[in-house]
Amino acid sequence: MGGQAIVVPYDVSMQYVQGKMRRIYHDFQDWGNEMVLVLEGTGRYYLNDFSFEIGRGDIFVLRGDYSKEIRDADRLRFCSIYFREEDMQRMAGTFRRLEGYQTLFIQNPMTGSYQAQDRLHADEDLMEDLQWLLDRMVQEQKLMEPGFEQILNSSFFILITLISRAFSEKIT
């Protein structure tokens, strides 16, 4: 590899919270966006001055500078994927034309406030597919075996496409 750093255009982070997660401020100079996928449990998500209940199946996108905190978490496990919109534009295919993608990722990412229409609540079939993809992405990101970038990229775009299709069905 010649000592050159491998840059993957996103970061996948699994988190588990019981009780309370400390308040975290994001300025997103590095990433720009965060997609949150709630995999298990429940809790109350605080986004700046707004709060809302979260539970298994909730998926939403955050953009911009904001503070977040989780309280009243009961076996809450979620995945945060940090990404840059410009990387998605450069590498993405036709899924960017889906109404669900346009709504969830372009028009309505939460930018410090919350609206009910800004998130998707995925059904169990979709959650099983997403969980498998996320587990694979975490494994590939951790092991960094030859070809991991392609598996990460492919898995990420499958994930985004499945979510965008489901959100398209929700809004039509």
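Which residues does L37 touch, not counting residues up to four places away in sequence? This tour of a predicted model returns to that selection after a view of the whole chain.

**The whole chain**

Begin with the full chain, coloured by secondary structure. Four helices and six strands make up its secondary structure. Read from the N terminus, the elements follow the order β-β-β-β-β-α-α-β-α-α. Of the 172 residues in the chain, 47% are buried. Among contacts with a separation of 6 or more, 76% join residues that lie 24 or more positions apart.

Next, colour by pLDDT. The average over the chain is 81, and 82% of the residues score at least 70. Helix α3 has the highest confidence, at 93, whereas helix α1 (residues 85-91) has the lowest, at a mean of 70. Then select residues 1-7, where the pLDDT is below 50. Beyond near neighbours in sequence, this stretch has three contacts in the model.

**L37 and the nonpolar cores**

Now select L37 and display its surroundings. Leaving out residues up to four places away in sequence, L37 touches D58, I59, R77, F78, C79, I81, L130, L134, L159 and I163. A second core, separate from the largest one, has 14 residues, including Y45, L47, I54 and L62.

For the largest nonpolar core, select M35, L37, I81, F105, F156, L159 and I163, which have the most contacts inside this set of 32 residues. At least two residues of this core come from each of β1 (10-26), β2 (33-47), β4 (58-63), β5 (66-83), α2, α3 and α4 (148-171). Helix α4 supplies the largest share, nine residues.

**The β2-β3 hairpin**

Move to strands β2 and β3. Strand β3 covers residues 50-55 and pairs with β2 in the antiparallel sense over six bridges. To inspect one of these positions, select T42, whose bridge partner in β3 is G55. The two strands form a hairpin with two residues between them. In the turn, N48 has a positive phi of about 50°.

**D72 in strand β5**

Another positive phi can be seen at D72, which lies in strand β5. Although D72 is not a glycine, its phi is about 55°. Is D72 buried or exposed? Its relative accessibility is 59%, over the 50% cut-off, so D72 counts as exposed.

**Helix α3 and the residue after it**

Select residues 124-143, which form helix α3. How far apart are its end C-alpha atoms? They are 28 Å apart, which agrees with the span of 28 Å expected for 20 residues at 1.5 Å a residue.

At the N-terminal end of α3, show the side chain of D123. This residue caps the helix, with a side-chain oxygen 3.3 Å from the backbone nitrogen of D125. Within the helix, then select L126, M127, L130, Q131, L133, L134, M137 and E140, which are buried. Two of these residues, L130 and L134, were already met as contacts of L37.

Follow the chain just past α3 to M144, in the loop between α3 and α4. M144 is a residue other than glycine, yet its phi is positive, near 50°. Its relative accessibility is 46%, between the 20% and 50% cut-offs, so M144 counts as partly exposed.

**T103 and S168**

The last stops are in helices α2 and α4. Select T103, which is placed in helix α2 (residues 99-107). Why does T103 count as buried? Its relative accessible area is 10%, and the cut-off for burial is under 20%, so T103 meets the criterion. Apart from residues up to four places away in sequence, T103 touches N108, P109, F167 and I171.

Finally, select S168, in helix α4. S168 counts as buried because its relative accessibility is 11%, under the 20% cut-off. Leaving aside neighbours within four places in sequence, S168 is in contact with L98, E99 and G100. Draw a C-alpha to C-alpha distance from S168 to E99: the two are 69 residues apart in sequence and 5.3 Å apart in space.

Methods:
Residues are numbered from 1 along each chain as its sequence is written. This is a predicted model: local features need pLDDT of at least 70, side-chain atom pairs count only at pLDDT 80 or more; totals for chains, interfaces and linings use all residues. Side-chain values use heavy atoms; hydrogens and water are left out. The expected span of a helix is 1.5 Å times one less than its number of residues. Buried means under 20% relative accessible area, exposed over 50%, partly exposed in between (1.4 Å probe, protein chains only). A polar contact is a pair of N or O atoms within 3.5 Å; within protein, one must be able to donate a hydrogen and the other to accept it, and residues adjacent in sequence count only if both atoms are side-chain atoms. Contact means heavy atoms within 4.5 Å. A nonpolar core is a set of buried Ala, Val, Leu, Ile, Met, Phe, Trp, Tyr and Cys residues joined through side-chain atoms within 4.5 Å. Two strands pair if DSSP finds at least two bridges between them. pLDDT is the predictor's confidence in each residue, from 0 to 100.
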